[in-house]
Amino acid sequence: MNLEVRIQEVNKRIEEACLRSGRPAEEVNTVAVTKYVSTDMAAKVLDSGLENMGENRWQNAEEKWNALGHRGIWHFIGHLQTNKVKDVIGKFEYIHSLDRLSLAKELEKSAAAKGLVIKTFVQVNISGEDSKYGLAPEEAAAFLQEIQSFSHIKVIGLMTMAPFEDTAEATRMVFRGLRELRDDLNRQGVTQEPLTELSMGMSNDFEVAIEEGATWIRLGSILVGKQEEE
Ligand SMILES: *Cc1c(COP(=O)(O)O)cnc(C)c1O
């Protein structure tokens with residue numbers, strides 16, 4: 001299957017999930033995750049009209065960003081080591097994986113030095129799996145308050161990763177948990193402006209994530225493909 005066909009099929013499934021849940025399709029943004037593919041393929045993704053590009057490691061992203069960074073909007077979606085902040089700052093407009101104070105401090109310092117405001121999602125480990133990064137849900141409010149004064153970090157929402165399950169349906173409670181946490185934080189007025197965004201849903205579970213309120217889905221294999229499927 002080529003890229004155009006995959007995009008059409010994914011868009012159809014997004015629209016159907018929106019219809020089922022009574023949401024306007026414009027609320028759902030797609031990040032095309034290019035971590036499995038070459039720079040050439042990433043260029044085709046941009047040619048196809050997709051503009052949000054996701055990478056999870058600077059080592060994988062570097063060549064692609066150097067070639068294509070002037071096009072599209074770049075999202076850093078993977079675990080971010082503090083010593084890699086200097087590499088990604090000013091290149092990635094969105095960081096989906098803000099999960100600790102030391103990282104917030106480093107982002108704040110680097111963004112301030114460049115005169116930038118970086119958009120972030122606070123990553124929360126809703127499923128509680130040991131293997132997942134992210135704050136425990138009960139830590140989120142205190143963390144948000146702690147970084148409230150960091151004027152070069154704008155937290156726009158929350159991000160989570162669901163465990164890999166045999167059926168997408170099994171992930172529903174994780175996505176619902178993230179939405180309910182966001183709504184709770186907004187009710188408590190933890191942030192100056194309400195958190196609007198939810199980054200959740202990947203190739204195997206994006207429809208359930210949309211039904212539960214995702215505003216950003218991160219799609220790699222199903223959309224961009226893996227290299228050998230080019
Ligand atoms: C790789 C990755 C994705 C996309 O994975 P697919 O299952 O291929 O869609 C999404 N989010 C993160 C954080 C990733 O690392």
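How many bridges join strand β5 to β6, and do the two run parallel or antiparallel?

1. This is a predicted model. Strand β5 covers residues 118–123, and 6 bridges join β5 to β6. The two strands run parallel. One pair to look for is V122 with its bridge partner in β6, L158. Between β5 and β6 the chain passes through helix α6, residues 140–146. This β-α-β crossover is right-handed.

2. Now follow β6 to its other partner named here, β7. Strand β7 spans residues 197–199, and 3 bridges join β6 to β7. These strands run parallel. Find G157: it stands opposite E197 in β7. Helix α7, residues 172–188, belongs with β6 and β7 to a right-handed β-α-β unit.

3. Is β6 largely enclosed or open? Strand β6 covers residues 153–159, and 6 of its 7 residues are buried, so β6 is largely enclosed by the rest of the structure. Buried here means under 20% relative accessible area.

4. Next, the pockets. The largest pocket holds about 540 Å³ of space. It is lined by 27 residues, and the closest to its centre are K35, N56, I77, G78 and M161. By class, its lining has 11 nonpolar, 11 polar and 5 charged residues.

5. The second largest pocket holds about 300 Å³ of space. Its lining has 15 residues, with Q148, I153, K154, V155 and Q192 closest to the centre. Strand β6 gives the largest share of this lining, 4 residues. The lining divides into 8 nonpolar, 5 polar and 2 charged residues.

Terms used
Residues numbered from 1 in each chain as written. Predicted model: local features only at pLDDT ≥ 70, side-chain atom pairs only at ≥ 80, totals over all residues. Heavy atoms only, no water. Buried < 20%, exposed > 50% of the residue type's maximum accessible area, 1.4 Å probe, protein only. Pairing = 2+ DSSP bridges. Right-handed = clockwise from strand over helix to strand, strands pointing away. 1 Å grid on protein atoms, 1.4 Å probe; cavity = no way out; pocket = protein on both sides within 12 Å on 5 of 7 lines; lining within 4 Å. Points joined across faces, edges and corners; volume = space filled by probe spheres on them. Nonpolar A, V, L, I, M, F, W, Y, C, P; charged D, E, K, R; others polar.
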